[in-house]
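Visitor: I have a model open on my screen and would like to know how its labels are earned. Could you walk me through it?

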Amino acid sequence: MSTAAAIRFLTGRCNVSKTSNKSDKVSPELDTPTDLPQAAVDKISASLNTLLADAFALYLKTKNFHWHVSGRHFNDYHLMLDQQSEAIFATTDQLAERVRKLGGTTLRSIGQIAKLQTIQDNNDAYVPPREMLRELMQDNKHMAAAMRKAHKICDDHEDSGSASLLEVFIDETERRTWFLFEASRQEGANAA
């Protein structure tokens, strides 16, 4: 008896996916039904998992700067970075659950995050406050661009659920970028 047949016999569960050539990456117990072809699930899941890894990296960097900000605008920056880190963290569960709804698998470890993230860590002992804000502004701009690319992949595969989720996240990311830009401007300067 094959492994899949044994699992069906023992658990009373069977694959109900549209495709019969389900990737070996998904355990039969996690095989979520979807009408999307496996190639679409794989591409969308990969793009969402990269966004998820970047969300965790950006969350931790924003928290790092929240914990280590100093200077005359400490209170304002400390509160803003705390609010922004909470908003970033709030996206993680929704991204991961979207991957699972499609029948994909998502991140399982810090090591997997490190392999997938495109947001660079900052381990410096001290970062001046304005540099913190500028770095986070650039990282949020990077996230928005990556979300737009993921949105295109979703559109190409007619995944309106993921696309609509990303539209909300793009708007939130642009808001963070705007706030970081305004908070980091030099008096009278408009340079990004």
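Guide: Gladly! From the N terminus on, the elements run α-α-α-α-α-α, which gives 6 helices and 0 strands in the chain. Please keep in mind that this is a predicted model.

Visitor: How much of the chain counts as buried?

Guide: Of its 192 residues, 43% are in that class. The surface that the chain exposes comes to about 10,900 Å², and carbon and sulfur atoms supply 54% of it. As for contacts between residues at least 6 apart in sequence, 72% join residues at least 24 apart.

Visitor: What makes the length of helix α6 close to the expected one?

Guide: Helix α6 covers residues 160-184, which is 25 residues. The expected span is 1.5 Å times one less than the number of residues, so 36 Å is the value to look for. From its first C-alpha to its last, α6 reaches 36 Å, so the two agree closely.

Visitor: Which residues of α6 are buried?

Guide: Among them are Leu165, Leu166, Phe169, Ile170, Leu180 and Phe181, and the list also includes Ser162, Thr173, Arg176 and Ser184. The buried residues of α6 pack against α2 (38-68), α3 (74-101) and α5 (129-156).

Visitor: Which residues touch the most other members of the largest nonpolar core?

Guide: They are Leu48, Leu51, Leu81, Leu95, Met147, Leu166 and Leu180, in a core of 40 residues. The elements giving two or more residues to this core are α2, α3, α5 and α6. The largest share, 11 residues, comes from α2. For a view of one member, select Leu95: leaving aside neighbours within four places in sequence, Leu95 is in contact with Leu48, Leu51, Leu52, Leu166 and Phe169.

Visitor: Why does Asp139 count as buried?

Guide: Asp139 sits in helix α5. Its relative accessibility is 10%, and buried means under 20%, so Asp139 earns the label.

Visitor: What does the side chain of Asp139 make a polar contact with?

Guide: With the side chain of Lys61, at 2.6 Å. The cut-off for such a pair of N or O atoms is 3.5 Å, so this one falls within it. Not counting residues up to four places away in sequence, Asp139 touches Leu58, Lys61 and Ile119.

Visitor: Now to the rings. How many aromatic pairs are there?

Guide: The count comes to 3. One of them is Tyr59 with Phe89, a tilted pair.

Visitor: Why is the pair of Tyr59 and Phe89 called tilted?

Guide: The ring centres lie 5.0 Å apart and the planes meet at 45°. Planes under 30 degrees apart would be stacked and over 60 edge-to-face, with the rest tilted, so 45° gives tilted. Tyr59 belongs to helix α2 and Phe89 to helix α3, so the pair ties together parts that are 30 residues apart in sequence. Tyr59 is partly exposed at 22% relative accessibility, and Phe89 is partly exposed at 41%.

Visitor: And what makes the pair of Trp178 and Phe179 edge-to-face?

Guide: Their centres are 5.2 Å apart and their planes stand at 90°. The cut-off for edge-to-face is over 60 degrees, so the pair qualifies. Phe179 is partly exposed, at 34% relative accessibility.

Visitor: Which residues form one aromatic cluster?

Guide: Phe56, Tyr59 and Phe89.

Visitor: Why does Glu158 count as exposed?

Guide: Glu158 is in the loop between α5 and α6. Its relative accessibility is 72%, and exposed means over 50%, so the label follows. Glu158 also has a positive phi of about 55°, although it is not a glycine.

Visitor: And why is Arg148 called partly exposed?

Guide: Arg148, in helix α5, has 43% relative accessibility. That value lies between the 20% and 50% cut-offs, so partly exposed is the class. Not counting residues up to four places away in sequence, Arg148 touches Ile170 and Glu174. The C-alpha atoms of Arg148 and Ile170 are separated by 7.5 Å, and the two residues are 22 residues apart along the chain.

Conventions:
Residues are numbered from 1 along each chain as its sequence is written. This is a predicted model: local features need pLDDT of at least 70, side-chain atom pairs count only at pLDDT 80 or more; totals for chains, interfaces and linings use all residues. Side-chain values use heavy atoms; hydrogens and water are left out. Helices (H or I, at least four residues) and strands (E, at least two) are DSSP runs, numbered from the N terminus. Buried means under 20% relative accessible area, exposed over 50%, partly exposed in between (1.4 Å probe, protein chains only). Contact means heavy atoms within 4.5 Å. A nonpolar core is a set of buried Ala, Val, Leu, Ile, Met, Phe, Trp, Tyr and Cys residues joined through side-chain atoms within 4.5 Å. A polar contact is a pair of N or O atoms within 3.5 Å; within protein, one must be able to donate a hydrogen and the other to accept it, and residues adjacent in sequence count only if both atoms are side-chain atoms. Rings of Phe, Tyr and Trp (its six-membered ring) pair if their centres lie within 6.5 Å; planes under 30 degrees apart count as stacked, over 60 as edge-to-face and the rest as tilted. Accessible areas come from the Shrake-Rupley method with a 1.4 Å probe; for residues, only the protein chains shown count as cover.
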